[in-house]
Amino acid sequence: MGIASSSSSTPESRAMALAKVKEIVASAPVVVFSKSYCPFCVRVKQLFEKLGATFKAIEMDVESDGAALQDALKEWTGQRTVPNVFINGKHIGGCDDTMALNNEKKLVPLLTEAGAIAGSTSKESTITA
Ligand SMILES: N[C@@H](CCC(=O)N[C@@H](CS)C(=O)NCC(=O)O)C(=O)O
């Protein structure tokens, strides 16, 4: 006995999940690995919506391989909790990290550089000439 009951992962399946996670991260300027019921995830997604940023959300409680993706994220980033946010392929962290970046006025520049905000500064522009 002694075989873990919660998972039947193999080195191959873990490698596949890690490759999939990296593929997803590379497929969009902003990726939020999320769970649909998670209030921290809702906060992050609402922030991106408020900022007008496009993002891809992967709801890991809905995806059939969500548990494997979460394991792969833990292996890759050291972070097991959701949300797990990436901008331009770079690991940002969770809700607290994303909110902190926003409070430090560093989030919008990152999103703009990533191409996630169309028209970038036009909303706040005061240049008229
Ligand atoms: N301080 C974290 C809180 C995130 C958190 O606690 N998320 C919960 C879900 S609401 C979680 O990931 N729990 C473990 C799990 O769902 O596997 C953040 O800012 O992102």
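What covers the buried residues of H5? Before getting there, a word on the model itself. It is predicted, so local features need pLDDT of at least 70 and side-chain atom pairs count only at pLDDT 80 or more, while totals for chains, interfaces and linings use all residues. Residues are numbered from 1 along each chain as its sequence is written.

Now to H5, where helices (H or I, at least four residues) and strands (E, at least two) are DSSP runs numbered from the N terminus. Leu107, Leu110 and Leu111 are buried in this helix, where buried means 20 or more other C-beta atoms within 10 Å of a residue's own, exposed means 12 or fewer, partly exposed is in between, and C-beta atoms are placed from the backbone. These three cover an arc of only 95° around the axis, which puts them on the same side of H5; the arc is that of the directions from the helix axis to the C-beta atoms. The cover over them includes E1, E3 and H4. After H5 comes Gly115, with a positive phi near 80°.

H2 can be read in a similar way. Its buried residues are Cys41, Val44 and Phe48, and they fall within an arc of 65° seen down the axis, so they line one face of the helix. An α-helix has 3.6 residues a turn, so residues three or four places apart point the same way. On the face of H2 turned away from the buried side sit the exposed residues Pro39, Gln46, Glu49 and Lys50. E1, E3 and H4 are among what covers the buried residues of H2. Gly52 follows H2, and its phi is positive too, near 75°.

Next, the core. The largest nonpolar core (buried Ala, Val, Leu, Ile, Met, Phe, Trp, Tyr and Cys residues joined through C-beta atoms within 7 Å) has 30 residues, and Val30, Val31, Val32, Phe55 and Leu111 touch the most other members. E1 gives this core its largest share, four residues. Leaving aside neighbours within four places in sequence, Phe55 is in contact (C-beta atoms, placed from the backbone, within 7 Å) with Ala28, Val30, Val31, Val32, Phe48 and Ala116.

Last, the ligand. Around it are Lys35, Cys38, Pro39, Phe40, Thr81, Val82, Pro83, Gly94, Cys95 and Asp96, each counted as near if its C-beta atom, placed from the backbone, lies within 6 Å. H2 and H4 are the elements that give two or more residues to this shell.

Note on methods:
Two residues are in contact if their C-beta atoms, placed from the backbone, lie within 7 Å.
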